[in-house]
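The following exercises concern a single protein chain. Please examine the sequence and the model before reading the solutions.

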Amino acid sequence: STTYIETVFQLLICFMVQNIIPKNKYIAFLVTPIVIAPLTVLGIALSRVMPNNGTLYLNNVALVRKPA
């Protein structure tokens with residue numbers, strides 16, 4: 001399980017990678033570590049400082065079949 005802070009930072013990072021980081025793979029290769037690494041470290045650090053009550057569960061998998 002994960003903490004609330006880690007989840008918020010993971011969602012922020014996913015949003016940034018999909019919508020803000022340039023689509024050019026060479027520029028993205030250079031920009032991603034500069035932008036994403038500090039956010040990841042900050043999220044991990046804050047998750048260690050903030051209280052965790054262990055009630056957040058986000059590891060759900062849905063198996064869906066399309067009707068024939």
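Three exercises with worked solutions follow; the model is a predicted one.

**Exercise 1. Determine whether the protein is spread out or a compact globule.**

Solution. Begin with the secondary structure: the protein has two helices and zero strands. Next, compare the radius of gyration, 16 Å, with the 11 Å that the globule rule gives for 68 residues. The radius of gyration is well over the value from the rule, so the protein is more spread out than a compact globule. The extent of the C-alpha trace may then be added: along the principal axes it spans about 45 × 40 × 10 Å. Finally, 21% of the 68 residues count as buried, and carbon and sulfur atoms hold 69% of an accessible surface of about 5800 Å².

**Exercise 2. Check the length of helix α1 and state what its buried residues pack against.**

Solution. Helix α1 covers residues 4–19, which is 16 residues. At 1.5 Å a residue, helix α1 should span 22 Å; the C-alpha atoms at its ends are 22 Å apart, so the two values agree. The buried residues of α1 are Glu-6, Thr-7, Phe-9, Ile-13 and Met-16. These buried residues pack against α2, residues 25–49.

**Exercise 3. Locate Ala-37 and classify its exposure.**

Solution. Ala-37 lies in helix α2. Its relative accessible area is 37%. Buried requires under 20% and exposed over 50%, so Ala-37 is partly exposed. As a last step, relate Ala-37 to Leu-12: the two are 25 residues apart along the chain, and their C-alpha atoms are separated by 12 Å.

Definitions and conventions: Residues numbered from 1 in each chain as written. Predicted model: local features only at pLDDT ≥ 70, side-chain atom pairs only at ≥ 80, totals over all residues. Heavy atoms only, no water. Helix = DSSP H or I, 4+ residues; strand = E, 2+ residues; numbered from the N terminus. Expected span 1.5 Å × (residues − 1). Buried < 20%, exposed > 50% of the residue type's maximum accessible area, 1.4 Å probe, protein only. Contact = heavy atoms within 4.5 Å. Rg over C-alpha atoms; globule rule 2.2 N^0.38 Å. Areas by Shrake-Rupley, 256 points an atom, 1.4 Å probe, with all protein chains shown as cover.
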